[in-house]
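Work through the exercises below with the sequence and the three-dimensional view side by side, and try each task before reading its solution.

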Amino acid sequence: RLNPSDLAEIIGDLSARDAARVVGSLDDESAADALEHLDAETQRSIIDYLGAERAADIIEEMDADDAADLLGELPEEQQEQLLREMDAETAEDLRELVSYDEDTAGGLMTTDYMWIYPHRTVAATIAKIRELAPETEFIYYLYVTDQSEKLLGVLSLRTLLLSPPEATIHTIMQTDLVSVPPDTCAEDVASTIARADLLACPVLDESGKMLGIVTGEDAIDAIIP
């Protein structure tokens, strides 16, 4: 029943073996929440004790950016062993995230965001959000993409809820986009988010394809640990 950060503080005071026993006794989601709040050294020791199969199940439940940070701290052989135990799609996303430098937009971003197509109506979009929301951690904005994942516009939940049900997304989305490339340093990402007064900032490749988002919280954590 403890808040994850409080639980993590207790786990951090235990021996590596006892910490692993506590984390191992939790369900995957609770264990993931606690693991996200622990320092890298404690995370590594717990992963070693848990074994690859259980550790992979827990890491899959972590936010993608936190999971990538943890994997990036592990030896390459152990990293691959864990990735092989995961769902193929999740493993592919994490491999891509791990490839970026930790203090860049690519290293800070998460691939857990809500995207929609421009031809949908407001009513259909709200129905889709209800369906997908339990699986999506961050629903600050809705990112409007085409079938090649190129970012076309962005939409706040407030705008969506205040729009007529029959309106189509492309008529209400904002097309004046603020974004960063994946190699942008953490300080510049935080500056961009602050200057544009955003809750999250999309990360795009050279072609405009959506790679992920950096949340304001993660940007601040990167520059003020």
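The exercises that follow concern a predicted model, and each solution goes step by step.

**Exercise 1. A helix and its covering**

Task: Find which residues of helix 14 are buried, and work out how they are arranged around the helix axis.

Solution: Begin by locating helix 14, which covers residues 216–223, and note that Gly216, Asp218 and Ala219 are buried there. Next, look down the axis of helix 14: the buried residues fall within an arc of 165°, so they line one face of the helix. Finally, ask what lies over these buried residues; the covering includes helix 6 (64–72), helix 9 (105–108), helix 13 (186–196), strand 4 (200–204) and strand 5 (210–215).

**Exercise 2. The nonpolar cores**

Task: Identify the residues with the most contacts inside the largest nonpolar core, and then follow the contacts of Val214.

Solution: The largest nonpolar core has 44 residues, and those with the most contacts inside it are Ile59, Leu82, Met86 and Val214. Taking Val214 from this group, and not counting residues up to four places away in sequence, one finds that Val214 touches Ala105, Leu108, Met109, Val189, Ile193, Ala200, Cys201, Val203 and Ala219. As a last step, notice that there is also a second, separate core of 13 residues, which includes Ile116, Ile139, Val144 and Leu160.

**Exercise 3. Aromatic pairs**

Task: Decide how the rings of Tyr113 and Tyr143 are oriented to each other, and say which parts of the chain this pair ties together.

Solution: The structure holds 3 aromatic pairs. For the rings of Tyr113 and Tyr143, the centres are 5.9 Å apart and the planes stand at 90°; since planes over 60 degrees apart count as edge-to-face, this pair is edge-to-face. Tyr113 lies in the loop between helix 9 and strand 1 (114–116), while Tyr143 lies in strand 2 (residues 141–145), so the pair ties together parts that are 30 residues apart in sequence. Then turn to accessibility, where buried means under 20%: Tyr113 has a relative accessibility of 13% and counts as buried, and Tyr143, with 2%, is buried as well. Another edge-to-face pair is formed by Trp115 and Tyr117, at 5.2 Å centre to centre and with 65° between the planes. Trp115 counts as partly exposed at 42% relative accessibility, and Tyr117 counts as partly exposed at 24%. To finish, note that ring pairs link Tyr113, Tyr141 and Tyr143 into a cluster.

**Exercise 4. The second largest pocket**

Task: Describe the lining of the second largest pocket, and find which strand gives the most to this lining.

Solution: This pocket has a volume of about 260 Å³. It is lined by 16 residues, of which Tyr141, Val154, Gln174, Asp176 and Leu198 lie nearest its centre. Strand 2, strand 3 (151–156) and strand 4 each supply at least two residues of the lining, and strand 3 gives the most, with 3 residues.

**Exercise 5. Two polar residues**

Task: Determine whether Gln79 is buried or exposed, and do likewise for Asp13.

Solution: Gln79 is found in helix 7 (residues 76–84) and has a relative accessible area of 13%, so Gln79 is buried. Leaving aside its neighbours within four places in sequence, Gln79 is in contact with Leu71, Gly72, Leu74 and Val98. Asp13 lies in the loop between helix 1 (4–12) and helix 2 (16–25), and with a relative accessible area of 68% Asp13 is exposed.

Notes: Residues numbered from 1 in each chain as written. Predicted model: local features only at pLDDT ≥ 70, side-chain atom pairs only at ≥ 80, totals over all residues. Heavy atoms only, no water. Buried < 20%, exposed > 50% of the residue type's maximum accessible area, 1.4 Å probe, protein only. Helix = DSSP H or I, 4+ residues; strand = E, 2+ residues; numbered from the N terminus. Arc of directions from axis to C-beta. Contact = heavy atoms within 4.5 Å. Core = buried A, V, L, I, M, F, W, Y, C linked by side-chain atoms within 4.5 Å. Phe/Tyr/Trp six-rings, centres within 6.5 Å; stacked < 30°, edge-to-face > 60°. 1 Å grid on protein atoms, 1.4 Å probe; cavity = no way out; pocket = protein on both sides within 12 Å on 5 of 7 lines; lining within 4 Å. Points joined across faces, edges and corners; volume = space filled by probe spheres on them.
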